[in-house]
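Q: Please take a close look at one part of this model and describe how it is built into its surroundings. A formal, connected account would be preferred.

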Amino acid sequence: MILRRGRGRKDKDVSLFALTQAHITLDVKLNARFTGSAALCVKESTGVFDSAVEDAKGFLEASSDVSYRVERDRYGYMWFIIGSGIEGAMAALDAIADTFTEHGFREQILAGVFAFNSERRGRFYLIYNYRSNRFYPFAPSSRDRDVEFEMLIYSLLKDELPMEKDRARWYPIWDIPF
Amino acid sequence: MQRYEWKKRDVGITMRLVLCFAVLSILYLIFLSVLAYVGVGMVPLIFLGAFFIIMQYLLSDRIVLWSTGAKIVSEQQYPRLHAIVDRLVARAGLPKPRVAVMYTDVPNAFATGKGRRSSVVAVTTGLMRLLNDEELEGVIAHELAHIKNRDVLAITLASIFSTIAWYMMHYGWYGAYGRSRDQAGGLILAIIIAAITWFVSFLIIRAISRYREFIADRDGALLTGKPSRLASALMKISGMMNRIPSRDLREVESMNAFFIIPALSGDTLSRLFSTHPPVEERIRRLMEMEATMH
């Protein structure tokens, strides 16, 4: 754990907010719109983790412009699913990621996930990795992924969004609950 | 796991072609050098050289088919393949080339032929198995672009120049100095200069063919209207597709729980395996083209 200190949060996840621009590009170029759903995926833990969860829920309840629900998956992750516009979703994700960080659970945060709908090619996600502070696309199609579509999203966004260059790190998240 | 199967690089077909043409060129050179040595004049030599090159050009498709083991196939044998070619040539306004198949698991394709009329498009059985119809169409469109742009002719022309340059040097040293002065010194110098000439022309030919690849990518993509199809075909052929993980992020996270090495040493691994920066570059350009089409 000592070694990991330095890698904590640096630029206060500025890169997350680059989505403001990027989601306009997706709309213009792909006819793809933010579905209004985003989520923070956090590994469940013990001890003060519960109070971190309570704090996060408390924050979300207090925010009038977002709705939320919490789900658990079979891998032992909690999904804080936010319903809101893109700005609200970014702010909410950032705030609850902050909450978990303050309680010492930065390492438990798996990813932020934003859902989009493309008119022609259906649902895809932008996954934000909290370790590398980078995004990558994920376009599931049944039990496979539409790599061609993902490559297209990547090349559309790579100048606007900090994107993960190394495709070996584009890990899928199957069965995203929204 | 079967995912690693595609990693075997396709050196086979290219190597056989290169070897075949290299052996032919060396034979010409030896033959012409012998003639030069026994005192045949420069003008007949140039004619002979030109004759060889023209013959090689005229027979190129046969040489290529023979050295790659590609077999011309009929519409009954490969209806799907023929249908794709038919659709594309109709759209491109090209005469239909002959269609050939190579029976190997290595995914590859090539086009050859003297002109637009007598060309051959060949694909391997491995390619047909690996790609879906749209991707196969992307690859064949690329090969048709080579035919349309007369790339075989372009490369042959380029090698004619390099051969002529080679001879000028060679003959110059033999003719002017070789016999009257110190034989050994002149010979060494001739060999060095010939080597430099060959090397430079080798670089030039490579540059030309690399450039022609990009052009064929672009024209092929314009023909299908879908650059990303060729891009994903290239990803599959080069094995790059295998690098896109299918394991769930949550599974991977639990595997290396302490993250001393951040989630799999993807960087080092990929650097070791990505011996093909040109493919990366081609895919990048194709996807950029696709992006501008939206």
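A: In strand 4 of chain A, A111(A) is the bridge partner of C41(A). Helices (H or I, at least four residues) and strands (E, at least two) are DSSP runs numbered from the N terminus; two strands pair if DSSP finds at least two bridges between them. The model is predicted, so local features need pLDDT of at least 70 and side-chain atom pairs count only at pLDDT 80 or more, while totals for chains, interfaces and linings use all residues. Residues are numbered from 1 along each chain as its sequence is written, and chains are lettered from A and ligands numbered from 1 in the order in which they are written.

Strand 1 and strand 4 of chain A run antiparallel and are joined by eight bridges. Strand 4 of chain A is also joined by eight bridges to strand 5 (residues 122–129) of chain A, again in the antiparallel sense. On that side, F114(A) faces L126(A) of strand 5 of chain A, and a hairpin of three residues leads from strand 4 to strand 5 of chain A. Strand 4 of chain A is mostly covered, with seven of its ten residues buried (a residue is buried if 20 or more other C-beta atoms, placed from the backbone, lie within 10 Å of its own, exposed if 12 or fewer, and partly exposed in between).

These pairings belong to an open, antiparallel sheet of six strands in chain A, ordered 2-3-1-4-5-6. Its edges are formed by strand 2 (67–72) and strand 6 (134–138) of chain A, each of which pairs on one side only. Neighbouring strands of the sheet are turned by 25° against each other on average, direction ignored. Strand 1 (residues 32–43) of chain A also pairs with strand 3 (residues 77–83) of chain A, antiparallel and over seven bridges; there, L40(A) has F80(A) as its bridge partner.

Two helices lie across strand 4 of chain A. Helix 1 of chain A crosses strand 1 and strand 4 of chain A, running at about 135° to strand 1. Helix 3 (residues 86–102) of chain A lies across strand 1, strand 3 and strand 4 of chain A, at about 5° to strand 1. Axes are lines fitted to C-alpha atoms, for helices over the stretch in contact, and angles run from 0 to 180 degrees between N-to-C directions; residues are in contact if their C-beta atoms, placed from the backbone, lie within 7 Å.

Helix 3 of chain A also meets helix 2 of chain A, whose buried residues pack against strand 2, strand 3 and helix 3 of chain A. Those buried residues are A52(A), V53(A), A56(A) and L60(A). They cover an arc of only 100° around the axis (taken from the directions from the helix axis to the C-beta atoms), which puts them on the same side of helix 2 of chain A. On the other side of helix 2 of chain A, the exposed residues are D50(A), S51(A), E54(A), G58(A), E61(A) and A62(A).

Taken as a whole, chain A has four helices and eight strands, arranged along the sequence as α-β-α-β-β-α-β-β-β-β-β-α. Of its 178 residues, 43% are buried. Among the contacts in chain A with a separation of 6 or more, 67% join residues 24 or more positions apart.

Strand 4 of chain A also takes part in the contact with chain B, to which chain A gives 22 residues and chain B 26 residues. Helix 1 (19–30), strand 4 (109–118) and helix 4 (147–157) of chain A each supply at least two residues of the chain A side. Helix 4 of chain A provides the largest share of that side, six residues. By class, the chain A side has 15 nonpolar, one polar and six charged residues (Ala, Val, Leu, Ile, Met, Phe, Trp, Tyr, Cys and Pro count as nonpolar, Asp, Glu, Lys and Arg as charged, and the others, Gly among them, as polar).

The partner, chain B, has twelve helices and four strands, and 29% of its 294 residues are buried. The four strands form an open sheet with mixed pairing, in the order 1-2-4-3. Strand 1 (71–72) and strand 3 (109–112) of chain B stand at the edges with a single partner strand each, so one side of each has no neighbour in the sheet.
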